[in-house]
Amino acid sequence: MRRIYPDIQDDPPIELAYAYPPDRPWLRVNMVASADGAAWMNGLSGGLSGKADKRIFGVLRGLADVVVAGAATVRAEGYGPARPRESWRALREGRPETPPLAVVSRSLDLDLDGPLFTEAISRTIVVTCASAPAERLAAAKSVADVVVAGEEVVDMGTAVRELHERGLTRVLCEGGPRLNAQLAAAGLLDELCLTISPLLLGGGAARILNGEAALVGLGLGQVLEEDGVLFCRYTREPNHD
């Protein structure tokens with residue numbers, strides 16, 4: 001791997017290349033897309049990823065206090081709990097050995113008996129709203145930490161504040177596109193880490209934001225490259241929302 005912007009460097013330390021700002025809460029979205037903007041292949045993101053993307057994916061998780069994902073993404077991608085990694089030991093010094101996963105779901109259509117809830121080292125968090133089915137809400141509370149944010153729909157601004165109050169200020173969102181759009185529209189997105197895969201797909205795949213309209217100005221901070229795959233790091237430009 002090499003950095004090609006803003007300077008040229010072979011094998012830059014990935015944990016330094018993606019370090020969080022030290023002095024404030026920060027929410028980054030990490031996504032992969034084809035060269036023509038498709039966020040998945042055959043309904044899954046895995047077909048767009050390679051070894052380098054998976055390596056960066058692992059480092060980003062190790063750096064994060066919490067990993068946020070929408071319920072549709074959790075179901076489609078078969079999410080399980082984060083497992084401890086030796087490579088995370090230094091990254092997570094003074095913190096739990098794995099970051100918790102926070103699943104955003106209005107309906108609570110989740111497999112509460114699955115490994116994500118029964119085998120998690122750091123207790124899984126469920127983010128929902130007050131109108132969630134009462135029976136499912138009670139069941140979720142028995143296996144997860146539950147954050148109720150909003151009345152009829154999940155209010156992501158409230159949800160993010162609740163995570164911060166739990167000391168989870170380094171937030172990594174892994175999608176999907178609808179959740180990304182909500183975060184961008186609410187002005188909550190600080191950073192976009194975008195892997196651009198050298199493929200053209202066409203068809204009806206969603207873009208990395210799909211749903212609510214948003215206008216967020218981004219500044220390009222860094223580009224890494226390996227085997228033709230680009231790893232771009234953008235940060236939100238102030239006063240450009």
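## The largest pocket

The largest pocket is lined by 44 residues, of which Thr73, Glu77, Tyr79, Glu174 and Gly176 lie nearest its centre. Here a pocket is an open set of points on a 1 Å grid over the protein atoms alone, where a 1.4 Å probe fits, with protein on both sides within 12 Å along at least five of seven lines; lining residues have an atom within 4 Å of a point. The model is predicted: local features need pLDDT of at least 70 and side-chain atom pairs pLDDT 80 or more, while totals for chains, interfaces and linings use all residues. Residues are numbered from 1 along each chain as its sequence is written, and side-chain values use heavy atoms, without hydrogens and water.

About 1,100 Å³ of space lies in the largest pocket. Its lining comprises 19 nonpolar, 15 polar and 10 charged residues. β3 (26-34), α2, α3 and α7 (177-185) each supply at least two residues of this lining, and α3 gives the most, with six residues. Helices (H or I, at least four residues) and strands (E, at least two) are DSSP runs, numbered from the N terminus.

## Arginine 61

Arginine 61 is found in helix α2 and is buried, with a relative accessible area of 12%. Buried means under 20% relative accessible area (1.4 Å probe, protein chains only).

The side chain of arginine 61 makes a polar contact (a pair of N or O atoms within 3.5 Å, one able to donate a hydrogen and the other to accept it) with the side chain of glutamate 174, at 2.9 Å. Leaving aside neighbours within four places in sequence, arginine 61 is also in contact (heavy atoms within 4.5 Å) with residues including Val67, Tyr79, Trp88 and Leu172.

## The nonpolar cores

The largest nonpolar core, a set of buried Ala, Val, Leu, Ile, Met, Phe, Trp, Tyr and Cys residues joined through side-chain atoms within 4.5 Å, has 35 residues, of which Tyr18, Ile56, Leu101, Leu110 and Phe231 touch the most other members. Among the elements that each supply at least two of its residues are α2 (51-63), β4 (66-70), α5 (134-143) and β11 (229-236). The largest share, five residues, comes from α2. A second, separate core of 29 residues includes Ile125, Cys129, Leu188 and Leu192.

## Helix α6

Helix α6 spans residues 156-165, and its buried residues are Met156, Gly157, Thr158, Ala159, Val160 and Leu163. What covers them includes β3, β4, β5, β6 (125-128) and α7.

At the start of α6, a side-chain oxygen of aspartate 155 reaches to within 2.9 Å of the backbone nitrogen of glycine 157. Just after the helix, glycine 167 takes a positive phi of about 85°.

Notes: Buried means under 20% relative accessible area, exposed over 50%, partly exposed in between (1.4 Å probe, protein chains only). Grid points are joined across faces, edges and corners, and a volume is the space filled by probe spheres set on the points. Ala, Val, Leu, Ile, Met, Phe, Trp, Tyr, Cys and Pro count as nonpolar, Asp, Glu, Lys and Arg as charged, and the others, Gly among them, as polar.
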